[in-house]
Amino acid sequence: MHANSSSVVNVDHEFRAHADHHASLRLWLRLLSCTTRVEDKIRQKLRESFDITLPRFDLMAQLERDPDGLSMGELSRRMMVTGGNITTIVDQLEKEKLVMRQVGLNDRRSFTVKLTPAGRVAFTDMAIAHEEWVAELFSGLSNNQQSQLYSLLGAMKKNLQKQEETS
């Protein structure tokens, strides 16, 4: 999806919507379009500023929240990706000495993954920049608009969870 290494070609999912489509479909495509644009910008900034991918950043964020480390299975569950994907990401971060694996105490076949001290320092720098980028991306909305959007999306999330429970 890149025209060249410095410019990102944004796919606008909303182009698929037509005025005669149901309002819910138009809303979904607008939400998807906004999500894709924000994610693309964050991916670009992480790559340019820290030479890291979004999945690697996300894995480090999970580990930062759990200083005692997480199993490969728990990382896979939290990140909603396959164990093979987690293994690849952990392998890459381990080569860079940002994470380490420790053999499980109760099961020698399992591993706990933790941030190394260098990984903690690197992640802290990335997290600060990440928060600034996200704030910048949402700066076109007033505090009140951001609060309203947050509340509306919370109501939608609650409704989706209720639908999942009843199905």
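These are my notebook entries on helix packing, the nonpolar core and a set of salt bridges in a predicted model.

**Entry 1: helix 1 against helix 2**

I began with the pairing of helix 1 and helix 2. Their axes come within 9 Å and cross at roughly 85 degrees. That angle falls in the 65 to 115 range, so I noted helix 1 as roughly perpendicular to helix 2. Next I looked up who makes the contact. From helix 1 I listed Glu-39, Ile-42, Arg-43 and Leu-46, which meet Leu-54, Pro-55 and Phe-57 of helix 2. Sorting the residues of this contact gave me five nonpolar, no polar and two charged.

**Entry 2: helix 3 against helix 4**

I then moved along the chain to helix 3 (residues 72-79) and helix 4 (residues 83-95), whose axes cross at roughly 110 degrees and come within 9 Å. Helix 3 and helix 4 are therefore roughly perpendicular to each other too. On the helix 3 side I wrote down Met-72, Leu-75, Ser-76 and Met-79, and on the helix 4 side Gly-83, Ile-86, Thr-87 and Val-90. This contact divides into five nonpolar residues, three polar and no charged.

**Entry 3: the nonpolar core**

Which residues have the most contacts inside the largest nonpolar core? I found Leu-59, Met-60, Leu-63 and Leu-93, in a core of 25 residues. I reminded myself that nonpolar side chains tend to be buried together in soluble globular proteins. Several elements give two or more residues to this core: helix 1 (23-50), helix 2, helix 3, helix 4, strand 5 (111-115) and helix 5 (117-137). Helix 2 gives the most, with six residues.

I picked Leu-63 for a closer look. Leaving aside residues up to four places away in sequence, Leu-63 touches Leu-70, Leu-75, Val-99, Val-113, Lys-114, Leu-115 and Arg-120. Leu-75 was already in my notes, as one of the helix 3 residues that make the contact with helix 4.

**Entry 4: salt bridges around helix 3**

How many salt bridges does the count come to? It comes to seven, and I followed the ones around helix 3.

Glu-74 has two partners in my notes. With Arg-77, Glu-74 meets in a salt bridge at 2.7 Å, N to O. Glu-74 and Arg-77 are three residues apart in helix 3, so about one helical turn separates them. Glu-74 also forms a salt bridge with Arg-78, the closest N and O atoms being 2.8 Å apart. These two are four residues apart in helix 3, again a separation of about one helical turn.

Arg-78 reaches a further partner, Asp-66, with the closest N and O atoms 2.7 Å apart. This pair links distant parts of the chain: Arg-78 sits in helix 3, while Asp-66 lies twelve residues away in the loop between helix 2 (54-65) and strand 3 (70-71).

Putting the pairs together, I have Asp-66, Glu-74, Arg-77 and Arg-78 linked in a network of salt bridges.

**Entry 5: exposure of the network**

Last, I checked whether each member of the network is buried or exposed. Arg-77 is exposed, with a relative accessible area of 56%, which puts it over the 50% cut-off. Arg-78 is partly exposed at 30%, and Asp-66 is partly exposed at 24%. Glu-74, at 21% relative accessibility, also counts as partly exposed, because buried would mean under 20%.

Key
Residues numbered from 1 in each chain as written. Predicted model: local features only at pLDDT ≥ 70, side-chain atom pairs only at ≥ 80, totals over all residues. Heavy atoms only, no water. Axes fitted to C-alpha atoms, helices over the stretch in contact; angles between N-to-C directions. Parallel < 35°, antiparallel > 145°, perpendicular 65-115°, else oblique. Contact = heavy atoms within 4.5 Å. Nonpolar A, V, L, I, M, F, W, Y, C, P; charged D, E, K, R; others polar. Salt bridge = Lys/Arg side-chain N within 4 Å of Asp/Glu carboxyl O. Buried < 20%, exposed > 50% of the residue type's maximum accessible area, 1.4 Å probe, protein only. Core = buried A, V, L, I, M, F, W, Y, C linked by side-chain atoms within 4.5 Å.
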